[in-house]
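Please look over the sequence and the model below. The walk starts at one loop and moves inward from there.

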Amino acid sequence: FVTGGVCVWLAARENIWNWPVGIANNIFYLVVFWRAGLYADSGLQVFYLAIAVYGWWMWARGGPAHRELPATNTPRLEAMLMAAITIVSFFLLFIGLRRYTNSTVPAGDAITTALSLTAQYMLGRKWLENWLVWIAADVIYIGLYYYKHLYWTALLYAIFIAMCVAGYRGWQKTMTSAKADAVEAR
């Protein structure tokens with residue numbers, strides 16, 4: 001609960017330390033979700049571990065001249081690609097969960113996992129709209145976790161929504177300031 005909250009709080013502030021804190025959170029939730037029978041969410045934690053390394057590197061060295069990556073809007077083509085990948089991922093996960101597991105919530109587990117994969121990748125690229133995808137996932141997660149009697153986790157995801165709104169606004173403000181500074185420098 002604590003590591004998840006701290007991780008999102010740091011990400012909303014564009015603080016690179018969100019990545020190592022997130023790794024600790026992933027390890028904790030891999031176990032929690034496996035025990036709750038949320039197999040896709042458990043597997044998602046493995047992806048998060050891998051993307052945390054990618055995100056950490058991108059944020060530190062993925063920007064111009066291998067410097068800090070600035071927050072930007074999602075390019076239109078990439079946004080369409082992310083939407084398509086999310087839809088395909090949902091269907092593949094749903095089919096796999098229904099066919100190969102005893103999941104009692106295959107649709108909920110599949111859609112939240114697909115949305116989270118997309119949002120986490122977008123966060124690693126520091127695309128502003130990652131926050132909107134996270135909000136959509138978090139709304140569904142709250143109901144899913146409540147249904148599975150993971151009340152503290154449901155509460156955490158309600159807090160995440162507020163943090164996502166703050167992250168979106170903060171990144172938007174940073175991007176506006178950076179654009180104004182660029183115009184002024186000309």
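Asn73 sits in the loop between H3 and helix H4 (76-100). Helices here are DSSP runs (H or I, at least four residues), and strands are E runs of at least two; both are numbered from the N terminus. The model is a predicted one: local features need pLDDT of at least 70, side-chain atom pairs count only at pLDDT 80 or more, and totals for chains, interfaces and linings use all residues. Residues are numbered from 1 along each chain as its sequence is written, and side-chain values use heavy atoms, with hydrogens and water left out.

Is Asn73 buried or exposed? Neither label fits: Asn73 counts as partly exposed because its relative accessibility is 35%. The cut-offs are under 20% relative accessible area for buried, over 50% for exposed, and partly exposed in between (1.4 Å probe, protein chains only). Leaving aside neighbours within four places in sequence, Asn73 is in contact with Trp127, Leu128, Glu129, Met175 and Lys179. Contact means heavy atoms within 4.5 Å. With Glu129 there is also a polar contact, side chain to side chain, at 2.7 Å. A polar contact is a pair of N or O atoms within 3.5 Å; within protein, one must be able to donate a hydrogen and the other to accept it, and residues adjacent in sequence count only if both atoms are side-chain atoms.

Now take Gln172, in helix H7. Asn73 and Gln172 are 99 residues apart in sequence, yet their C-alpha atoms are 9.0 Å apart in space. Gln172 counts as partly exposed because its relative accessibility is 35%. From Gln172 to Val6 the C-alpha distance is 21 Å, with their places 166 residues apart in sequence.

Asn73 also helps line the largest pocket. The other lining residues are Glu14, Glu68, Leu69, Pro70, Ala71, Thr72, Lys126, Thr174, Met175, Ala178 and Lys179. The volume of this pocket is about 230 Å³. By class, its lining has five nonpolar, three polar and four charged residues. Ala, Val, Leu, Ile, Met, Phe, Trp, Tyr, Cys and Pro count as nonpolar, Asp, Glu, Lys and Arg as charged, and the others, Gly among them, as polar.

Two residues of this lining deserve a look at the backbone. Glu14 lies in the loop between H1 and H2. Its phi is near 60 degrees, a positive value in a residue other than glycine. Glu14 counts as buried because its relative accessibility is 17%. Lys126 lies in the loop between H5 and H6. Phi of Lys126 is near 65 degrees, again positive in a residue other than glycine. Lys126 counts as buried because its relative accessibility is 1%.

Next comes enclosed space. Rolling a probe the size of a water molecule over the atoms shows where empty space is left. On a 1 Å grid over the protein atoms alone, a cavity is a set of points where a 1.4 Å probe fits but cannot get out; a pocket is an open set with protein on both sides within 12 Å along at least five of seven lines; lining residues have an atom within 4 Å of a point. Grid points are joined across faces, edges and corners, and a volume is the space filled by probe spheres set on the points.

How many cavities of 30 Å³ or more does the structure hold? There is one. The largest cavity has a volume of about 390 Å³. It is lined by 29 residues, and the closest to its centre are Val8, Asn25, Tyr48, Gln120 and Trp134. H1, H2, H3, H5, H6 and H7 each supply at least two lining residues. The largest share, eight residues, comes from H2. By class, this lining has 19 nonpolar, eight polar and two charged residues.

Trp134 leads on to the packing. The largest nonpolar core has 39 residues, and Trp134 is among those that touch the most other members, as are Leu38, Leu123 and Trp171. A nonpolar core is a set of buried Ala, Val, Leu, Ile, Met, Phe, Trp, Tyr and Cys residues joined through side-chain atoms within 4.5 Å. H7 gives the largest share of this core, eight residues. Beyond four places in sequence, Trp134 is in contact with Tyr48, Ser116, Ala119, Gln120, Leu123 and Cys164.

Finish at Ser42, in helix H3. Ser42 is buried, with a relative accessible area of 3%. A polar atom of its side chain lies 2.9 Å from the backbone oxygen of Leu30.
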